[in-house]
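Me: I'd like to go through this one with you, a few questions at a time. Can you pull it up?

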Amino acid sequence: MKVRELIESLNEKQRATVQKCLASCEILDLDEEVETELSRDLVDFLKVLSNPIRAGIIKMLKNRWMCVCLIAKALNQDQTLISHHIRTLKEMNLLHERREGKLRFYRTNLEELKKYVEMLEKELL
């Protein structure tokens with residue numbers, strides 16, 4: 001929606017207030033589109049990272065490989081819960097996985113993480 005359309009959709013009192021502040025708001029182009037939505041990938045990334053356990057896993061594994069049992073111990077959580085969060089992070093390609101026998105080790109996929117951070121910077125800054 002354009003700035004002009006937003007202003008026109010206001011009630012009379014709101015429109016009068018906005019008209020008074022237009023100069024100080026530095027709105028130069030009333031026909032400029034107002035973007036409000038982030039890309040679906042970025043919204044999904046932010047949802048995944050908003051969980052404190054998943055954010056902790058990403059941080060903990062940024063420079064090391066660890067198995068689920070150690071991750072669970074470090075976060076003082078049940079291994080089943082950690083496995084669930086790891087599955088979610090893997091679906092977003094935010095973790096690398098390495099298998100050694102029956103054990104699986106995980107590490108943050110820094111390249112993918114950087115891709116999302118760059119998308120965030122591009123859309124919001």
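Reply: Sure. Keep in mind that this is a predicted model. The sheet is a good place to begin: an open one with three strands and antiparallel pairing.

Me: Which strands are the edge strands of that sheet?

Reply: The strand order reads 1-3-2. An edge strand pairs on one side only. That description fits strand 1 (66-67) and strand 2 (95-100).

Me: And over how many bridges do strand 1 and strand 3 pair?

Reply: Take the partners one at a time. Methionine 66 sits across from tyrosine 106 of strand 3, and cysteine 67 faces phenylalanine 105 of that strand. Strand 3 covers residues 103-108, and its antiparallel pairing with strand 1 runs over two bridges.

Me: What about the other side: which residue is the bridge partner of leucine 95 in strand 3?

Reply: Strand 2 and strand 3 pair in the antiparallel sense over six bridges. They make a hairpin with two residues between them, and glycine 101 in the turn shows a positive phi of about 65 degrees. Leucine 95 is bridged to threonine 108.

Me: Lysine 62 caught my eye. How far apart in space are lysine 62 and leucine 95, C-alpha to C-alpha?

Reply: Lysine 62 belongs to the loop between helix 4 (52-60) and strand 1. Setting aside neighbours within four places in sequence, its contacts are Arg107, Thr108 and Leu110. Along the sequence, lysine 62 and leucine 95 are 33 residues apart, but the C-alpha to C-alpha distance is 9.4 Å.

Me: Is lysine 62 buried, partly exposed or exposed?

Reply: Buried would need under 20% relative accessible area, and exposed would need over 50%. Lysine 62 comes out at 39%, so it is partly exposed.

Me: On to the helices. At what angle do helix 3 and helix 7 pack?

Reply: Two numbers describe a helix pair: the angle between the axes and the distance between them. Helix 3 (residues 40-49) and helix 7 (residues 110-124) have axes 10 Å apart. The crossing is left-handed, and the packing angle is about 115 degrees.

Me: How many residues of the contact of helix 3 with helix 7 are charged?

Reply: Helix 3 contributes Asp41, Leu42, Phe45 and Leu46, while helix 7 brings Leu113, Tyr116, Met119, Leu120 and Glu123. Seven of these are nonpolar and none is polar. Asp and Glu count as charged. The charged count is two.

Me: Which residues form the aromatic pair?

Reply: Searching the whole structure turns up one such pair. Its rings are 4.6 Å apart centre to centre with 0 degrees between the planes, which makes the pair stacked. One ring comes from helix 3 and the other from helix 7, 71 residues apart. The two are phenylalanine 45 and tyrosine 116.

Me: Why do phenylalanine 45 and tyrosine 116 count as buried?

Reply: The cut-off for buried is under 20% relative accessible area. Phenylalanine 45 has 2%, so it counts as buried. Tyrosine 116 also counts as buried, because its value is 6%.

Me: Last one, on backbone angles: what is phi of asparagine 93?

Reply: Most residues other than glycine have a negative phi. Asparagine 76, an exposed residue at 69% relative accessibility, has a positive phi of about 55 degrees and lies in the loop between helix 5 (68-75) and helix 6 (79-91). Asparagine 93 is in the loop between helix 6 and strand 2. Its phi is positive as well, near 65 degrees.

Notes:
Residues numbered from 1 in each chain as written. Predicted model: local features only at pLDDT ≥ 70, side-chain atom pairs only at ≥ 80, totals over all residues. Heavy atoms only, no water. Axes fitted to C-alpha atoms, helices over the stretch in contact; angles between N-to-C directions. Helix = DSSP H or I, 4+ residues; strand = E, 2+ residues; numbered from the N terminus. Left-handed = near helix turned anticlockwise from the far one by under 90°. Contact = heavy atoms within 4.5 Å. Pairing = 2+ DSSP bridges. Phe/Tyr/Trp six-rings, centres within 6.5 Å; stacked < 30°, edge-to-face > 60°. Buried < 20%, exposed > 50% of the residue type's maximum accessible area, 1.4 Å probe, protein only.
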